[in-house]
Structures are given as structure tokens and as C-alpha cells.
Amino acid sequence: IVVRKLHLTGVGGILHSNKDHYVHLILQHWKGALQNSNNNLTPFAWAVLMHTYSPAFLTKNSDRIKSRVRFITQENTEIGIQALLEQTHGADGWTVLELAEKVIETHAIRSNTSLSIRLLRGELDQLCSVDDVMLLKSYLQRGMTETSCTVECVKECGHGVPMEAARAWRKDVLEFLVEGN
């Protein structure tokens, strides 16, 4: 398989470019909601959703948000969520540079063709900072010749771009995949 185009959305949530970054305070909130929860995941579910979506989306979809809280609490376990948080946000969590290196390494192994990358984030994203996205773009462009990397921002949208602005997200993905073909 040769990959010529890569569209990444909300990648900041898995990155640790700065340990003092706001996202680490959010993660502490999530982890605190899990501590001594006795498998009551409701506080955790509310915390995650409040940080993932924009205020306008949460307000407009308050009934759906309540059902998502129920889904999270019914379909997950405390141990499973703690393992996921540790894997993605623990001491060994990925950095912006490590993600860029993985993309570069994987692309170099599989082909010697050019790669076009689009990084997409929501304007109100609390988990994916502009700095992390720009740093990732910089690393990717520095590490790969024949690579173009663009950054796009979806207005009035939080971290959950594919769910908050599904049509705009699909349109962006499809337009990006068709560009230059």
C-alpha cells in the first residue's frame, strides 16, 4: 500500500509537547473523576464530553449528550479507561516529534513518493492546541522531502470535529483527497 495523502483531525489530544500545557490540566480532571469512582463513570463521562465539544454543540444537543454519557458509562470499565489514558497520555505518551517521526518512518519504508498531509482542528479545541499542530506541521515538513502539509481550522467547533461538524469534516476530507488528482 502506498499512501500519498494523510488527513489527521484533532491530533493534539495525544500529544505532549509541553507538560505544563492546558491539556494536562484537563487530563488531571479526567483522572481525578476516575479515582475512587467505584466504577461510576458518570463524572468522567461528563468531564470528557465537556472538554471534547464546543459550548454551542453541547447546548444544542443536550439531550443527545445525556445519552452519550449513559453510553460511555454502560460500555466501558474504569480499568479500561484508565489503561487507555495511560497508553495515550501517560509518562510514555506520544510527543509531537514522535508522531511526526512515526509518519516519516512509515512513509519512508513504504514508498519514495511525495506525501500530502492535512491537519485539521476545531477552532475551540481544548485538547489540540494551535502550537502543537504547527509544531507537527514543522516536524513533518522538515523530516520529509516532497511533502506538503496544510493546516485547516473548523470555526466554532471543539475537538470532536467529525461529530460536531460532520458535513464540513467530510467535505474537507473529500476535497483534500481529490486535490491535485
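**Figure 1. Helix 9 lies across strand 1, strand 2 and strand 3.** In this predicted model, helix 9 covers residues 166-178. Helix 9 runs at about 160° to strand 1.

**Figure 2. Three strands form an open sheet.** The strand order is 1-2-3, and the pairing is parallel. Which strands sit at the edges? They are strand 1 (5-9) and strand 3 (147-154), and each pairs on one side only. From one strand to the next, the twist averages 15°.

**Figure 3. Strand 2 pairs with strand 3.** Strand 2 spans residues 115-122. Eight bridges join strand 2 to strand 3, and the two run parallel. Look for Arg118: this residue stands opposite Thr150 in strand 3.

**Figure 4. The largest pocket holds about 580 Å³ of space.** Its lining has 25 residues. Which of them are closest to the pocket centre? Trp30, Val48, Thr52, Leu84 and His159 are.

**Figure 5. Helices contribute to the lining of the largest pocket.** Elements that give two or more residues to this lining are helix 1 (22-34), helix 2 (42-52), helix 4 (62-75), helix 5 (78-89) and helix 8 (161-164). Helix 5 gives the most, with five residues. What classes of residue make up the lining? There are 16 nonpolar and nine polar residues. Charged residues are absent from the lining of the largest pocket.

**Figure 6. Helix 3 and helix 6 mark the two ends of the confidence range among the elements.** Helix 3 (residues 55-60) has the highest mean pLDDT, 95. Helix 6 (residues 96-110) has the lowest, 71. Across the protein, pLDDT averages 83. At least 70 is the score of 85% of the residues. Where pLDDT is low, the predicted coordinates should not be read in detail.

How values were computed
Residues numbered from 1 in each chain as written. Predicted model: local features only at pLDDT ≥ 70, side-chain atom pairs only at ≥ 80, totals over all residues. Heavy atoms only, no water. 1 Å grid on protein atoms, 1.4 Å probe; cavity = no way out; pocket = protein on both sides within 12 Å on 5 of 7 lines; lining within 4 Å. Points joined across faces, edges and corners; volume = space filled by probe spheres on them. Helix = DSSP H or I, 4+ residues; strand = E, 2+ residues; numbered from the N terminus. Nonpolar A, V, L, I, M, F, W, Y, C, P; charged D, E, K, R; others polar. pLDDT = per-residue confidence, 0-100. Pairing = 2+ DSSP bridges. Axes fitted to C-alpha atoms, helices over the stretch in contact; angles between N-to-C directions. Contact = heavy atoms within 4.5 Å.
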